[in-house]
Amino acid sequence: MKLLARALRLCELVRHKSSRRLVAGQGCVGPWRGCCAPIQAVGPRADLPPSGDCTTVRIMRPDDANVAGNVHGGTILKMIEEAGAIISTRHCNSQNGERCVAALARVERTDFLSPMCIGEVAHVSAEITYTSKHSVEVQVNVLSENILTGAKKLTNKATLWYVPLSLKNVDKVLEVPPVVYSRQEQEEEGRKRYEAQKLERMETKWRNGDIVQPVLNPEPNTVSYSQSSLIHLVGPSDCTLHGFVHGGVTMKLMDEVAGIVAARHCKTNIVTASVDAINFHDKIRKGFVITISGRMTFTSNKSMEIEVLVDADPVVDSSQKRYRAASAFFTYVSLSPEGRSLPVPQLVPETEDEKKRFEEGKGRYLQMKAKRQGHAEPQP
């Protein structure tokens with residue numbers, strides 16, 4: 001406990017005492033030089049870049065982790081989103097004009113490369129890699145540091161997309177200040193990623209009418225046996241300056257529900273292995289009631305895919321109907337007390353819809369497996 005308290009004081013000292021500035025074309029300057037890739041700004045305020053942290057640092061506390069001491073995937077996702085929101089909002093306000101806050105629209109597939117534990121320090125760094133007329137792509141890396149040995153390891157890499165919403169009118173999307181790329185290929189590659197994610201977002205909207213229904217006395221290893229829901233009243237601490245829910249808050253709740261589904265299915269310690277693309281279909285306002293539902297869709301020998309759906313209910317506004325706000329697929333693995341991967345009980349789909357979702361999940365699993373094997377092949 002003394003070590004934890006000392007580390008907490010050290011982190012606060014670093015956070016409040018260090019002086020850092022993000023300078024166009026140089027990244028961070030001062031004692032933190034080199035921690036962020038440079039971003040070049042153009043426009044009237046290019047000579048006056050906004051100041052502030054481009055890397056967030058926080059020690060992992062007991063309430064950030066599960067009973068085995070592994071930090072919740074939702075906690076890490078929330079830190080990733082916070083870093084992305086800071087740098088994208090800063091960039092979108094780097095020119096004179098209407099002020100805005102960057103809202104999260106989508107998170108690309110995120111793999112959890114290595115577990116993070118209580119007492120380790122998370123270093124979350126964000127970098128803008130592409131801008132379109134109305135959106136910002138942010139790359140975020142997460143490192144965990146063992147403060148006893150100083151050893152660091154990469155735990156997460158994520159890509160997030162933000163859109164700038166006016167502070168005066170939340171339904172108004174503002175234009176994004178462009179960035180200057182060091183190579184022409186960077187812009188072309190970014191444009192391809194932008195078009196791909198735009199197409200995928202459109203393809204996910206067909207699921208908006210799909211809901212999770214409870215079943216009485218379900219059999220073990222079935223979809224109904226492990227499916228779970230969480231109901232949450234959106235309060236002021238969950239929201240941005242606009243009065244809408246932070247994307248990171250939503251992702252944390254989604255991961256909690258997915259974790260409950262996985263634990264109910266295999267009844268062991270479970271950890272987040274990856275998150276498929278998270279699409280935010282619509283904003284969630286303060287005072288709304290959200291229902292986060294999760295259900296098992298597919299199991300391989302050692303992994304589980306869980307679909308998570310977020311529905312928003314404007315309970316105090318009779319003119320608005322309940323709507324689908326976000327959706328995603330989470331992948332979990334089962335671990336022994338020693339941290340070794342365990343076999344997963346095989347899912348038993350019963351209905352035609354469940355069998356269809358199982359085959360779709362199997363397709364995603366095989367596609368990602370082939371992609372990983374392709375990356376692992378030695379280059380000639």
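Okay, let's start with Lys267, which is found in the loop between helix 5 and strand 10 (269-275). Helices here are DSSP runs of H or I with at least four residues, strands are runs of E with at least two, and both are numbered from the N terminus. Before I go on, this is a predicted model, where local features need pLDDT of at least 70, side-chain atom pairs count only at pLDDT 80 or more, and totals for chains, interfaces and linings use all residues. Residues are numbered from 1 along each chain as its sequence is written, and side-chain values use heavy atoms, with hydrogens and water left out.

So, back to Lys267. Its phi is positive, about 55°, although Lys267 is not a glycine. Lys267 is also exposed, with a relative accessible area of 59%. For the burial words, buried is under 20% relative accessible area, exposed is over 50%, and partly exposed is in between, using a 1.4 Å probe and protein chains only.

Asn221 is another non-glycine residue with a positive phi, near 70°. You'll find Asn221 in the loop between helix 3 and helix 4 (223-226), and Asn221 is partly exposed at 27% relative accessible area.

While we're on loops, have a look at Arg322, between strand 13 (304-313) and strand 14. Arg322 is partly exposed, at 46%. Its C-alpha is 9.3 Å from that of Ile290, and the two residues are 32 apart along the chain.

Now the strands. I'd like you to put strand 6, residues 121-131, in the middle of your screen. How many of its 11 residues are buried? Nine are, so to speak, under cover: strand 6 is mostly covered.

Strand 6 has strand 3 (residues 55-59) as an antiparallel partner, joined by five bridges. Pairing here takes at least two DSSP bridges between two strands. Within that pairing, Arg58 has Ala122 as its bridge partner, and Ile59 has Val121. Strand 3 itself has two faces: Thr55, Val57 and Ile59 make up the covered one, while Thr56 and Arg58 are on the uncovered one.

Strand 7 (residues 136-145) also runs antiparallel to strand 6, with 10 bridges joining them. In that pairing Ser125 stands opposite Asn141. Strands 6 and 7 form a hairpin, and four residues lie between them.

On to the aromatics. Rings of Phe, Tyr and Trp (its six-membered ring) pair if their centres lie within 6.5 Å; planes under 30 degrees apart are stacked, over 60 edge-to-face, and the rest tilted. By that rule there are seven aromatic pairs. One of them is Tyr130 with Tyr194, a tilted pair at 6.4 Å centre to centre with 40° between the planes. That pair links distant parts of the chain, with Tyr130 in strand 6 and Tyr194 in helix 3 (residues 184-204), 64 residues apart. Tyr130 is buried at 5% relative accessible area, and Tyr194 is buried too, at 18%.

What about Phe288 and Tyr323? Those rings form an edge-to-face pair, 6.5 Å centre to centre and 70° between the planes. This pair also links distant parts of the chain: Phe288 is in the loop between strand 11 (278-280) and strand 12 (289-299), and Tyr323 is in strand 14 (residues 323-335), 35 residues apart. Phe288 is buried at 5%, and Tyr323 counts as buried at 17%.

Going back to Tyr130 and Tyr194, ring pairs link them with Trp161 and Tyr181 into a cluster.

A couple of rings have a charge over them, meaning NZ of Lys or CZ of Arg within 6 Å of the ring centre and within 35 degrees of the ring normal. Lys283 lies over the face of Phe244, 5.7 Å from the ring centre. Arg364 has its charged end over the ring of Phe329, 3.9 Å from the centre.

That's my tour of the strands, rings and loops, so let's open it up for discussion.
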